[in-house]
Amino acid sequence: AEVDRLAGRAAQVGAVLIVLGSLHAEMTALLGDRDAPLFNRTTDTLELGHLDVASILEMLRIHADDDPARLLFLWNLFEGVPKFYRDAYEQGVLDADREALLGSLFFSSSSPLRNEADNWFLRELRGRYDMVLQYLASHPGCNNADIEAAMANVSGPGEARQVGGYLKILSERYRMIERRLPIFSPARARSGRYYIRDNFLRAWLSALQRPVSSVAFRPVAGLIDQANTRLMDVEGHALEDLAGQIYEERSRLGLGGFPLSERIRGYRDRADVEIDLVAINEDERRIRFGT
């Protein structure tokens, strides 16, 4: 009723900003479903992205150090989400070693991020969606056929036929995953590969979830060491993403001597030969490969 009252006086009101901080399902119930109270009343959407790498480095220089290994470790965990860096700062571990930070943020009874993934990402998902995410976390860069085969192995061929629908919902509705195409591929190419979009979710599913859930049954020091070792494996993929992110940020600011004409992408052929980073400057007809 309040929204309709303001809309009726739009010429006098000018603009109304309604800020919602909530889980996806609750926002959909309010805004997206056909019988929702505010269905079809949204006039604009403002999406807030993460902090850029330059901002993270500035924060680290003030409160810790900008050692590249620390940047990669933290970016692999938190990407550019301000809340996570604030949690680390408030726990006094932003400048701590890897084991101390993991222990403080994830493995004690008062750890602020111990239930974060379940509360923010996974509470709304059940069953097959969770299985798909688990597989993507441990097999980044898999294709549709890989996922179908994995689901068929677990639940039979009938379940494999539903994979396309699961991927569509996880990609378009929840935006938890993305399909990346090799450089120069047309948009409808069948060579796309799937990745989890969010670093924290990927790190949680591939490295942290199982050790954290075992805290009540095993020595904590060994679980922290296990999580740390698994995170090092995940950091290989995070390094590729971080390098591409830095290229794009520096190009946007006119730094670095390589202005981009499109976003950084990679390449993989049918024989699984991979190039991790492809940067294009179409104006100068230059291309740069990194691996």
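In which strand does Phe289 lie? In this predicted model, Phe289 belongs to strand 5, which spans residues 286-290. Together with Phe184 and Ile287, Phe289 makes a nonpolar patch on the surface, with an area of about 340 Å².

Two backbone features were found in and just beyond helix 14. This helix, formed by residues 220-252, has a kink of about 35° that is centred on Gly236, and just after the helix Gly254 adopts a positive phi of about 75°.

The second largest pocket encloses about 250 Å³ of space. Its lining includes Asn143, Asn144 and Ala145, as well as Arg179, and is completed by Ala187, Arg188, Ala189, Arg190, Gly192 and Tyr194. When these lining residues are sorted by class, four are nonpolar, three are polar and three are charged.

Side chains of opposite charge can pair when their charged atoms come close. Across the whole structure, 14 salt bridges were found. One of them joins Lys83 to Glu116, with the closest N and O atoms 3.6 Å apart. This pair links distant parts of the chain, since Lys83 lies in helix 6 (residues 82-90) and Glu116 in helix 8 (residues 116-122), the two being 33 residues apart.

Terms used
Residues are numbered from 1 along each chain as its sequence is written. This is a predicted model: local features need pLDDT of at least 70, side-chain atom pairs count only at pLDDT 80 or more; totals for chains, interfaces and linings use all residues. Side-chain values use heavy atoms; hydrogens and water are left out. On a 1 Å grid over the protein atoms alone, a cavity is a set of points where a 1.4 Å probe fits but cannot get out, and a pocket is an open set with protein on both sides within 12 Å along at least five of seven lines; lining residues have an atom within 4 Å of a point. Grid points are joined across faces, edges and corners, and a volume is the space filled by probe spheres set on the points. Ala, Val, Leu, Ile, Met, Phe, Trp, Tyr, Cys and Pro count as nonpolar, Asp, Glu, Lys and Arg as charged, and the others, Gly among them, as polar. The bend at a residue is the angle between axes fitted to the seven residues ending there and the seven starting there. Helices (H or I, at least four residues) and strands (E, at least two) are DSSP runs, numbered from the N terminus. Patches are made of residues with over 30% relative accessible area and no salt bridge: like charges are joined within 9 Å, nonpolar side chains (Val, Leu, Ile, Met, Phe, Trp, Tyr) within 5 Å. Accessible areas come from the Shrake-Rupley method with a 1.4 Å probe; for residues, only the protein chains shown count as cover. A salt bridge is a side-chain nitrogen of Lys or Arg within 4 Å of a carboxyl oxygen of Asp or Glu.
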